[in-house]
Amino acid sequence: LALLATVPADPVTARPTASGRRPVAVTARPIEAFRPSEPTQRRFGPLEFLGGLILESDDPEFGGLSGLRATDHGRALLAITDEGNWLAARLATDDTGRPTGIADVEMAPILDDAGRRLRGKRWADAESLTLHRVDGALEARVGFEGRHRVTAHRGGTDLRSIMTAPGRPVAVPAEIAGLARNEGLEAMAAGPAGSPLVLIAEAPDAGATTIPGWIVGGPAPGRFRLATESGFAATDAAFLPSGDLLVLQRRLSFFGGFSMRLVRVAAADLRPGATVAGELLLASQGGDEIDNMEGLSVDTAPDGATLLTLVSDDNFFWLQRTVLLRFRLVD
């Protein structure tokens with residue numbers, strides 16, 4: 001547990017680097033059942049489990065996936081790692097939407113506003129990701145912890161063009177800079193361009209029992225709080241087409257290992273000054289096919305159904321796994 005919680009105190013410097021993308025060989029092993037003890041169970045409350053993959057690579061920079069966005073009916077993936085890299089891939093699926101494999105995987109360093117690679121954990125610890133269109137171009141925003149901040153990376157019309165775009169600073173509330181070093185902006189969500197940006201810290205601030213969150217921009221900006229069960233941290237968030245907010249939560253315990261929760265916060269409840277808890281949609285049990293779940297994305301299937309894609313951060317630790325899960329929101 002101590003190893004997983006440690007954040008190295010690397011020097012705060014940046015170095016020039018080639019900004020190009022490079023291919024990465026990744027293999028995928030299927031996950032047939034979310035709950036192996038009940039292999040035929042597909043429904044978990046309002047969610048239908050479609051399938052999953054265990055992703056593996058010998059590349060030393062592969063891993064640490066901590067933010068995820070899916071487009072093209074869940075088939076195009078863009079992710080960030082907590083060592084300061086982008087990852088893009090194509091997800092192969094069958095007619096039901098079940099993931100069957102991964103292809104065309106590329107990685108590239110996340111760049112600062114001068115086009116340099118971020119060096120040192122305090123600068124490179126990317127934890128959250130949003131994706132939207134601005135004037136026809138795709139733009140990603142990346143939330144960091146350590147040196148808490150948000151940067152915007154505007155590419156062209158191709159998703160992967162974001163991977164070589166420099167990151168300009170995005171204005172966020174000043175109090176975010178005072179968050180604990182390893183409990184920064186783990187969750188970030190945004191709707192269509194021009195809509196407010198929602199930021200959620202990983203854990204309660206000093207002396208509090210609820211997690212701080214911020215609504216940035218829009219007609220009613222301000223701070224709210226997220227109530228959660230003891231020990232559960234917020235690790236990602238994404239808006240549903242309805243405007244409700246999904247929040248992914250994770251807990252690590254010495255005897256129980258990793259646990260996961262997924263809650264839905266009604267759009268009407270998300271306002272400055274509010275304390276929100278949300279409706280519990282999914283809670284993992286011992287033995288479920290999860291790991292350190294940190295990435296959540298929402299996309300729409302060709303038939304209009306809402307698809308949820310989750311991914312885990314393996315902490316670059318050999319006992320952990322990079323797990324990708326796909327659910328359909330039924331209700």
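**Strand β17 and its neighbours**

Both faces of strand β17 are covered in this predicted model: I211, G213 and I215 on one side are buried, and so are P212, W214 and V216 on the other. The strand spans residues 211-216, and six of its six residues are buried.

It is helpful to look next at the partners of this strand. Strand β16, made up of residues 197-200, runs antiparallel to β17 and is joined to β17 by four bridges. Within this pair, I200 lies opposite G213 of β17. Strand β18, covering residues 222-226, also runs antiparallel to β17, with five bridges between the two. Here G213 has F224 of β18 as its bridge partner. G213 is thus a handy landmark for a reader following the structure: I200 stands opposite G213, and F224 in β18 is the bridge partner of G213.

The hairpin of β17 and β18 has five residues between the strands. In this hairpin, G217 adopts a positive phi near 85 degrees.

Attention can now turn to another part of the model. An open sheet is formed by five strands, arranged in the order β2-β9-β8-β7-β6 with antiparallel pairing. Its edge strands are β2, at residues 22-23, and β6, at residues 65-71, each of which pairs on one side only. Inside this order, strand β7 (residues 76-81) and strand β8 (residues 85-93) are antiparallel partners over five bridges. Along this pairing, I80 is found opposite W86 in β8.

Definitions and conventions
Residues are numbered from 1 along each chain as its sequence is written. This is a predicted model: local features need pLDDT of at least 70, side-chain atom pairs count only at pLDDT 80 or more; totals for chains, interfaces and linings use all residues. Side-chain values use heavy atoms; hydrogens and water are left out. Buried means under 20% relative accessible area, exposed over 50%, partly exposed in between (1.4 Å probe, protein chains only). Two strands pair if DSSP finds at least two bridges between them.
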